[in-house]
Amino acid sequence: MSCTVALSNSPVFSPSRVPLPSSLRCSSPETLTASSSSPSSSPSSPLRILRIQKPPPSNLIRAGTTTATTTGCSSASTVLKRKRPTRLDLPVVSMSFGNFPVTPAGGVDLVEVEGKGYSVCCKRGRKGAMEDRHSAMVNLQGDSKQGVFGIFDGHGGIKAAEYAAENLNKNIMTELEKTTDDKIEAAENLNKNIMTELGKTADDKIEAAVKNGYLKTDSEFLNQEVRGGTCCVTALIQKGNLVVSNAGDCRAVVSRGGLAEALTSDHRPSREDEKDRVEASGGYVDCCHGVWRIQGSLAVSRGIGDQYLKQWVTAEPETRILGLNPELEFLVLASDGLWDTVSNQEAVDIARPLCTGNSMQQPLSACRKLIDLSVLRGSLDDISVMIIQLGQFC
């Protein structure tokens with residue numbers, strides 16, 4: 001780096017032709033050398049060109065340059081600043097599950113599926129690889145009016161969500177087949193009171209079958225000794241009934257004539273009954289930065305997996321059974337990536353024009369719109385939305 005300045009004996013620059021005193025001359029051999037390549041540097045020339053040859057230290061950068069000529073000698077004043085230190089590459093750890101490393105980014109960013117009677121859209125968030133999964137089984141036992149669906153929100157890795165998506169629905173169906181009672185199937189000839197009692201028994205058996213399906217899936221996954229866990233919400237449509245279950249903070253919301261009705265309740269440590277259950281089993285719940293956690297770690301109180309917290313995190317679901325009717329228009333199953341930013345009624349209001357009232361229904365577009373709204377409102381989480389057209393199963 002060089003700076004060129006001029007010294008002059010010309011009257012244009014100075015009223016006097018008196019030579020400069022030696023004390024004011026810039027003649028340091030270390031920093032200034034006279035140029036011999038230009039005629040203007042000759043002794044007879046009124047100008048002498050001087051160049052500053054010594055560069056600044058390598059760890060400094062120039063911030064600005066000023067030039068002074070008041071003494072008849074040029075001096076360059078450069079303000080130097082040190083370079084910014086090299087950025088440290090610190091490992092990132094998960095604050096939501098035992099300080100395990102975050103799953104590396106990559107993989108699929110968007111999944112869209114349209115099936116018979118359902119549509120689903122899953123979008124990766126900005127925290128790493130997508131840990132949400134979904135599943136759908138339709139035309140069960142050759143009956144187009146039956147199906148089982150699920151949304152799974154993994155944490156601490158993708159393994160638990162993948163396993164639950166592949167096995168939970170199948171395990172529920174296996175448990176249901178075990179509880180088939182021929183006497184209930186043949187109850188059409190019984191009187192009304194007996195039918196009512198048999199109906200209660202059938203609901204209890206369905207609820208027990210779903211519970212056993214969840215617990216079996218949890219037990220099988222834990223036997224693999226793989227870290228991580230997953231929240232789940234499932235919907236079973238069978239014999240005119242809608243059976244909705246959840247473990248964790250995935251949620252099911254139904255549109256009942258345009259009014260949103262939550263069919264599940266999020267399992268979070270802040271729920272009073274969940275807090276009491278955890279503490280009764282020897283655990284503790286505390287609030288850190290506005291988020292309630294079990295053992296200072298996990299922000300949900302139920303789910304499949306979570307081996308190191310299994311003493312307090314149960315896989316037992318809560319289940320609700322409704323009879324299908326025309327008033328129930330569609331069902332929204334979604335992970336908390338949606339529900340943290342979009343209310344139940346907002347979800348129904350946005351989806352309903354695309355899911356009801358005309359022959360050109362677009363439930364997949366409704367799923368996309370819900371995800372776009374959540375992202376617009378700042379959601380960083382994975383977001384999965386499934387819409388089930390209940391009218392197609394009546």
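**Burial, bridges and rings**

Author: Tyrosine 163 and phenylalanine 221 are both buried. The structure is a predicted model, in which local features need pLDDT of at least 70 and side-chain atom pairs count only at pLDDT 80 or more, whereas totals for chains, interfaces and linings use all residues. Residues are numbered from 1 along each chain as its sequence is written, and side-chain values use heavy atoms, with hydrogens and water left out.

Reader: Why is aspartate 218 called buried or exposed?

Author: Buried means under 20% relative accessible area, exposed over 50%, and partly exposed in between, with a 1.4 Å probe and protein chains only. Aspartate 218 has 8% relative accessibility, and it therefore counts as buried. Lysine 310, at 22%, is partly exposed.

Reader: What makes lysine 310 and aspartate 218 a salt bridge?

Author: A salt bridge requires a side-chain nitrogen of Lys or Arg within 4 Å of a carboxyl oxygen of Asp or Glu. The closest N and O atoms of lysine 310 and aspartate 218 are 3.2 Å apart, so the pair qualifies. Lysine 310 is in the loop between strand S16 (304-305) and strand S17 (318-323), while aspartate 218 is in helix H3 (residues 192-223), so the bridge ties together parts that are 92 residues apart in sequence. Helices (H or I, at least four residues) and strands (E, at least two) are DSSP runs, numbered from the N terminus.

Reader: How many salt bridges does a search of the whole structure find?

Author: The search finds 19. One of them joins glutamate 274 to arginine 302, with the closest N and O atoms 2.9 Å apart. Glutamate 274 belongs to helix H4 (residues 272-280) and arginine 302 to the loop between strand S15 (291-294) and S16, so this pair ties together parts that are 28 residues apart in sequence. Glutamate 274 is buried, at 1% relative accessible area, and arginine 302 is buried at 10%.

Reader: Why are glutamate 329 and arginine 352 said to meet in a salt bridge?

Author: Their N to O distance is 2.8 Å, and this value satisfies the limit for a salt bridge. Glutamate 329 lies in strand S18 (residues 328-334) and arginine 352 in helix H6 (residues 344-355), so the pair connects parts that are 23 residues apart in sequence. Glutamate 329 counts as buried, at 17% relative accessibility, whereas arginine 352 counts as partly exposed, at 31%. Elsewhere, salt bridges that share partners join Arg256, Glu261, Arg320 and Glu327 into one network.

Reader: Why is cysteine 122 not in a disulfide with cysteine 121?

Author: A disulfide is a pair of cysteine sulfur atoms within 2.5 Å. The sulfur of cysteine 122 has its closest cysteine sulfur, in cysteine 121, at 6.7 Å, which is too far for a bond. Cysteine 122 counts as buried, at 2% relative accessibility. Cysteine 231 is in no disulfide either, because the nearest cysteine sulfur, in cysteine 250, is 5.4 Å away. Cysteine 231 is also buried, at 2%. By this rule the count is 0 disulfides.

Reader: What makes tyrosine 118 and phenylalanine 149 a tilted aromatic pair?

Author: Rings of Phe, Tyr and Trp (its six-membered ring) pair if their centres lie within 6.5 Å; planes under 30 degrees apart count as stacked, over 60 as edge-to-face and the rest as tilted. The structure holds 3 aromatic pairs. In the pair of tyrosine 118 and phenylalanine 149, the centres are 5.5 Å apart and the planes stand at 55°, so it is tilted. Tyrosine 118 lies in strand S7 (residues 118-123) and phenylalanine 149 in strand S9 (residues 143-155), so the pair ties together parts that are 31 residues apart in sequence. Both residues are buried.

Reader: Why is the pair of tyrosine 163 and phenylalanine 221 called tilted?

Author: The ring centres of tyrosine 163 and phenylalanine 221 are 5.8 Å apart and the planes are at 45°, so the pair is tilted. Tyrosine 163 is in helix H1 (residues 159-178) and phenylalanine 221 in helix H3, so the contact spans parts that are 58 residues apart in sequence. Separately, Tyr118, Phe149 and Phe393 form one aromatic cluster.

Reader: What makes glutamine 141 exposed?

Author: Glutamine 141 has 57% relative accessibility and therefore counts as exposed. This residue lies in the loop between strand S8 (132-140) and S9, and has a positive phi of about 55° although it is not a glycine.
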